[in-house]
Each structure stands twice: as C-alpha cells, then as structure tokens.
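I opened the model today and kept notes as I went. The entries follow the order in which I looked things up.

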Amino acid sequence: MTAEYKVHGDIALITLNNPPVNGLGLATRQGITAGLEQAQADPAVKAVVLTGAGKAFSGGADIKEFGTPKALAEPNLLSVILAVENCSKPVVAAIHSVAMGGGLELSLGCHYRIAAPGANIALPEVKLGLIPGAGGTQRLPRVLGVEAALNMIVSGEPVKSEMLAQLPGQKLFDKMASSPEKLAEEAIAFAKEVAAKHADGSPLPLVRNLPCKHKDGDAYFQFARNMVKGMAKNFPAPAKCVDAVEAATKQKFDQGMLTEREMFINLMWTPECRALRHLFMAERAASKIPDVPEDTPQRKIEKVAVIGAGTMGGGISMNFLNAGIPVTILEMKQEALDRGVGVMRGNYEAQVKKGKLKQDKLDARMGLLKTTVNYEDIKDADLVIEAVFEEIGVKEAVFKKLDEVMKPGAILASNTSTLDVNKIASFTKRPQDVVGLHFFSPANVMKLLEVVRGEKTAKDVMATVMAVAKKIKKTAVVSGVCDGFIGNRMIEQYGRQGGFLLDEGCTPAQVDRAIEKFGFAMGPFRMGDLAGNDIGWAIRKRRYTEKPDMKYSKTADLLCEKGRFGQKVGKGWYDYVPGKRDAIPNAEVEQMIVEHRKALGITPRKISDEEIVQRLVFSLVNEAAHILEEGIANKASDIDVVYIFGYGFPVHRGGPLKYADEVGLFNVAQAMKRFQKNPLDDAKFWEPAPLIQRLVAEGKNFNG
Ligand code: NAI
C-alpha cells in the first residue's frame, strides 16, 4: 500500500506515500480507506490527520494509471472522499507543497484543513480538457466563494496557500501552520483540539453542507461565459467549468455532483480532451529514449561555451544564463561579440521594462556571461554549443579546433539545422561526444529542442543533454540524423503543397486563412514572410541539384527574385507596414501568381478549404510516417510534440499524427490516394507510406 498508517497518542496519521507527488492511484486509495477503518475501529484514536510524504500533499490522479482499469477501480476517488466525509472521527487534512486536482478534492472531503504556507493549490483539470471530476466544482465555491473558485477552476493555475488564506470569509483552511516544517506537529495539535471539540458527539462539519450563492448570479455567470469564450475558443472545457460552478449555486449538492459527473464524462470523449491528454503523456514520454535507461550516468554540466554570438548563439546562451549556468561566448571578432551581447542585454532590458524581470535578476544573469575570441578560455567547459554559419567548411574548422582544445569528456554540440551531424562528428577524434542540439528561433523563447543523435553519440551524452534540456526548460525530442531532422523534413513537404496550391488556383491569403481556421498560429505564407523567404529559396536551390526529381512550384522563387524576402524587408507574399505585423495582400504578387499559372498552361480551379487543410496536414503525416519507419523518430507522439512546441500546430488537435488518428488512418490513406490522381501534384509523394498502409490493414493507428 502507498499510504502509511501510524498512531501518535490519540491521533492516527495517514500519510500518502506514492512518489513523486502522491498520486491517488488504486493502492493509495485503498491505503486511505483502510487507514480510516483502522482509526474508527481503534477506541484510543480520537481524530485522524491525513497528509502526504515527501514533496506533496497530493498532486491528484496517478498518471501512471491513466487509461488503465486501475484508474477507475473501487474505491475510486469519489468513494474515498465519501468515506472521509462519513468517518465518525474528525479527519484533518494537513496540506503542504502541492494539493492539486484530486488531491485538493480529497482535502475538501475532510472535516478540517490546515495548510503550510507556500503550498500550491490548484484544480488543473481544465488543462487536460476536463473539469474537476470528484466534487471540485461543487465544493471549492462553497469554501472560497463563487468568483475565486471559478477563477481557479477556469484557469487551472496554482495559487499559494497563504494567498487563499487571506480571502475574506474563506473556509478552505481552518488554520495556517507557522511553517512547512511545523506542519505535522501543529496538525496533530489541531486534531487534538477538534477531537476535544467534538467529544460531545456534535456533528462534524462538511463542506457539502455550506451554502453556495452569488448575489448577482445570472449576471455574473453571463459575464464569466463571455470572458471564457474569448479565452478558449477551441476548447469546450472552460465553458463547462462555468456551467458546473453555476450548477453548484442552483442545485442541491448531490444533484450538483451528478451534473459535474455528467459533464466530466462527456468532456472525456471530446477530441479536444483526447488531444490534451495525449500531449500531456507525449511530452513526458519524449524525455524517455528506448535504449537509454533512466539510470544512465550523466556528465556534470556546470560550465557552458557557445561558439557564435549571432541570432541563435545569443538566444541559446540566454537559456543557460536564465538557469543560473555560466556561459562563455566565443566569436572571431570583438565587434561580433559586442553586438551579440548588446542584443542579449536588450532582450533582458525589454523584459524588465515589461515588468517580467527584476533588474537584479538581469544583473545576475549578465554577470554569468563571459566573452572571448580565444579558444583557450573555453577549454574547461562541460558543454560547448556551436552556432556559427551554416556552412560545412566553417563547421569543420570549428569542430577540429574544439577537438584540439576541449577537455576530455566535454560534450560537443552543433546547432546545425540542415547539416549531417555524423559528418560533423567525424571532424573530431571523439564522435561519441558529439550531438546535435537544434534550437528553434527565437532560441530563448521557443520550447522545442531537437536532440540529434549521431550514429556514434554515447548514451551518457544523450542522457546528459536530455537532463540539461529539462534544466533550461525546453521540451526535448530525440531525432536521428537525416536532412531536416524531424521538424524541417516534414515542413518541407508542407511548404511544397503550399506552392502547388498557388499554382492550381489559390491565393496566399486563401491558403493561410484555411489553415489558420484549422488552428495553425500562422499559415505557410505568413510564416515564410516571418522566417524570411530567402531561407527556403537557398534550400530549394540546393535541392534542385541534390534531388532533381523532386517537384517544386517555382512561384516562391519568382517572389524571391523580386527581392520580396518577407517582413524584414517590408514585403514578401504580403506587404507590411513598419511597426506592424499585419499581412496585407499585394496585387502585384497575385498577378505574378496568375501569370506564372498561365505560363504553365494551368486553368485555375476553385479549391475548397477542406482540400487545402488536408493537403497541408496530410503531407506532414505522410512524411512523418516515413520518419517513423526509418527510425528517425522513436515514437509517433514525439513527432506530435515537435509540431506542437516548434511549429504552431493547433494544440486542440494534439499534433499531426494524433489528428490523423482522430480522422482515421483509413480516411487519411483514401485522401492521399485521391491526391495522387492530381496531375499537378506529386503523385509519388502521395503514395501512402508503407507504415500507414500497414496500420490501415491492421486496423490500428499511430498512437497505439
Ligand atoms: P548568424 O549569422 O546570426 O550567426 C552566426 C554567428 O557565428 C555570427 O555572429 C558569426 O560572426 C559567427 N561565426 C561564424 N564563423 C565563426 C567561427 N569560425 N568562429 C566563431 N564564430 C563564428 O546565424 P544564426 O542564424 O545564429 O545560425 C547559426 C546556426 O544555427 C546555423 O548552423 C543555423 O543553421 C542554425 N540555426 C538557425 C536557426 C535560425 O532560425 N536562424 C534555427 C535553428 C538553427
């Protein structure tokens, strides 16, 4: 059992002990009910204290049991809470560190609650596309008031215990402990106090019996609904949070509980909830590498060096400075260093101006930064990340030098976005220490990090960089070596489809609008303008010689020939007004597309939004299936993580492969076969990948 029972004098102590956060798995739930029975059967026990060992009171449901029969097995959480309420002796929840989701709901079933300061209190279910399902929407408003409770339930964000304790009239905490260290002692003293108070057999207080009202209920809930609609247009759960809390104010408690349950179960079956739960698990799974066990020893990373102080080098360095890890940046010339450091300082200063960063933090971070033009000064670094020009010759010179000077065991990483990491590793005599760390721009903002595993990269290097990624708050996904790795290799196909759509009859605005309606943050043409159309141009020029069979629309090249590189020059697929990011359609570009079409002898046709979305998204899916099959990605969910965290794929769709699963792979394959018949498209590309064909034949999907 993962809940311990002990008796201290006349107080029984039930301690949840299911690391890391005392998730309420089956064994823990059984432990609680068994403890309650033991306490009630023991005449010497006068009251019960329920608390958590280690780093939490309880973080809620046990994610290890998600989707297994154990998650719902009796006693389920509702039954446990009922058993707590019905305990004949007072039960006091002693809360510290974390009380979230089911953990908070459990405490709300207790007769009394004492909390340590600094505890994070939350009902985060909305973040998984759900509402709290074990009475949270019915009990929290009764102890905090409707508005404070609804704010917590709709946002899912944690609030500190001491803040909640200050809310006027709150009944969430009967008492605050003087410190986390004193909680156990003071909880036992408090339990003795309440035991004495109820020695006369007076009824034990239950949250369910408290009133739940709002003086201007109708107006308030209308207001709340409007607010929520704006905030979460793609998700049904936030609006249901409002409905559930409103039910708490209008229905009797038991009826309200049924209402909550029904909404909870209905939400469980929505694609949005499935998408969010998938991503929750996918993000955690991404850090696990099949053949690198979790106990693989790690190298110590205390000092970092970055080569190149350009766009990427600066952003990469900021990640480490933010995490308190000293960085030395190396450049060829002092001017480049000064410019790079100036940009970094400017970024921090902008954060200070916005009130997001305190001046002393800025000083501390910049204080961890050193600069040099001399390799001697970086030789002791534990990790060096190269972010110089994207030219193999330059990389070769840098890695040869690193091989010469770096201490043994230092990890040598490249931020290359297109070059062969195995080749880069071969420039050194220590290819086992070389790895790709592909950051995304702006590197201090974007969450995604592709960790590129070379053929010879050592396992402890992989384990170390995955841990480092966590430290600098990145979501890391492992990719094998191939052109473009996972993310850019897929986006190339998406971009190609964008080009064909223009040739066949679309305008850039039409394509962007359709995919943005689907939920992408930005369509391919607005994206191109932001990233710089010249980057894609350079890649295509290389492709024309490397892969002469690959078919490309030439429209984007014509655009680049006109110097329309995008936002940085004020014109690209669209026009831009200085200081604004609004994309304004341009007649000249549209005319250019029409003329090119004419030159190709294509009669334009009206293309539906549905076709646009399918061609763009399924092109990602087909390439992803090849990537999976080749073992470039370890699992389907890793690819979804790449697209959600690095490419603005709509969160409520769960990533390209989760979306394909939702559509049904049979349907996806059928659509691909339809696209194969389009003579203006690339028939060879649209042959459904063997993996897709196999999954369809077996009636399976990508994510199991
Ligand atoms: P950048 O041109 O802004 O910066 C490169 C910097 O490296 C310059 O400051 C240059 O002076 C310095 N440098 C060049 N050769 C050097 C040498 N031998 N020793 C020391 N410093 C040297 O380029 P950016 O955009 O920062 O790209 C750097 C790397 O990151 C490239 O490999 C690129 O493919 C990759 N990358 C770029 C992304 C982007 O969006 N810009 C995204 C992901 C990766």
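**Entry 1: the ligand**

I started with polar contacts to the ligand. A backbone N or O atom of Val 388 sits 3.4 Å from one of the ligand's oxygen atoms. This is a predicted model, so I note every distance as a computed one. Next I checked two side chains. Lys 395 places a side-chain N or O atom 2.7 Å from an oxygen atom of the ligand. For Ser 417, the distance from a side-chain N or O atom to a ligand oxygen is 2.8 Å. I then looked up the covered area. The ligand taken alone exposes 820 Å², and the protein buries 80% of that.

Which residues come nearest to the ligand? I found 22 residues around the ligand, and the nearest are Met 312, Glu 331, Glu 390, Lys 395 and Ser 417. Lys 395 and Ser 417 are also the two whose side-chain contacts I had just written down.

I sorted the shell by class. It holds 10 nonpolar, eight polar and four charged residues. Then I sorted it by element. Helix H13 (311-322), helix H16 (392-405) and strand E15 (434-439) each give the shell at least two residues. H16 has the largest share, with three residues.

**Entry 2: domains and core**

I looked up the domain bounds. They are 3-268 for domain 1, 304-479 for domain 2 and 487-698 for domain 3. Between the C-alpha centres of domain 1 and domain 3 I noted 47 Å.

Then I turned to the largest nonpolar core. It has 66 residues. Which of them touch the most other members? They are Phe 618, Val 621 and Phe 702. Helix H25 (residues 609-629) supplies the largest share of this core, 11 residues. The core also crosses a domain line: domain 2 and domain 3 each contribute at least three residues.

I stayed on H25 for one more residue. Gln 614 is in this helix. Is Gln 614 buried or exposed? Its relative accessibility is 18%, so it counts as buried, the cut-off being under 20%. I also checked a partner in space. The C-alpha atoms of Gln 614 and Ala 671 are 7.8 Å apart, with the two positions 57 residues apart along the chain.

**Entry 3: His 111 and Asp 174**

I looked for His 111 next. It is in the loop between helix H4 (102-109) and strand E6 (112-115). The residue counts as buried because its relative accessibility is 3%. What does its side chain contact? One polar atom of the His 111 side chain lies 3.0 Å from the backbone oxygen of Glu 85. I also found the backbone nitrogen of Val 91 at 2.9 Å from a polar atom of that side chain.

Asp 174 is another loop residue, placed between helix H7 (161-165) and strand E9 (175-176). Here the relative accessible area is 39%, so Asp 174 is partly exposed. I then took a long span. Asp 174 and Gly 570 are 396 residues apart in sequence, and their C-alpha atoms are 60 Å apart in space.

**Entry 4: backbone oddities**

I finished with the backbone. Most peptide bonds are trans, and most residues other than glycine have a negative phi. I listed exceptions to both.

Two cis bonds went into the notebook. Pro 19 to Pro 20 is cis, with omega near 5°. Pro 20 is in the loop between strand E2 (11-16) and helix H1 (26-41). The bond joining Glu 74 and Pro 75 is also cis, and its omega is about -5°. I placed Pro 75 in the loop between helix H2 (69-72) and helix H3 (77-85).

Then came positive phi values. Asn 22 is not a glycine, yet its phi is about 55°. Asn 22 lies in the loop between E2 and H1, where I had already placed Pro 20. With a relative accessible area of 1%, Asn 22 is buried.

Phe 485 was my last stop. Its phi is positive too, at about 50°, and it is not a glycine. Where does Phe 485 lie? I found it in helix H19 (residues 485-504). Its relative accessible area is 0%, so Phe 485 is buried.

Notes
Residues numbered from 1 in each chain as written. Predicted model: local features only at pLDDT ≥ 70, side-chain atom pairs only at ≥ 80, totals over all residues. Heavy atoms only, no water. Near = heavy atom within 4 Å. Polar contact = N/O pair within 3.5 Å; in protein donor to acceptor, adjacent residues only side chain to side chain. Areas by Shrake-Rupley, 256 points an atom, 1.4 Å probe, with all protein chains shown as cover. Helix = DSSP H or I, 4+ residues; strand = E, 2+ residues; numbered from the N terminus. Nonpolar A, V, L, I, M, F, W, Y, C, P; charged D, E, K, R; others polar. Core = buried A, V, L, I, M, F, W, Y, C linked by side-chain atoms within 4.5 Å. Buried < 20%, exposed > 50% of the residue type's maximum accessible area, 1.4 Å probe, protein only. Domains from an automatic or database assignment.
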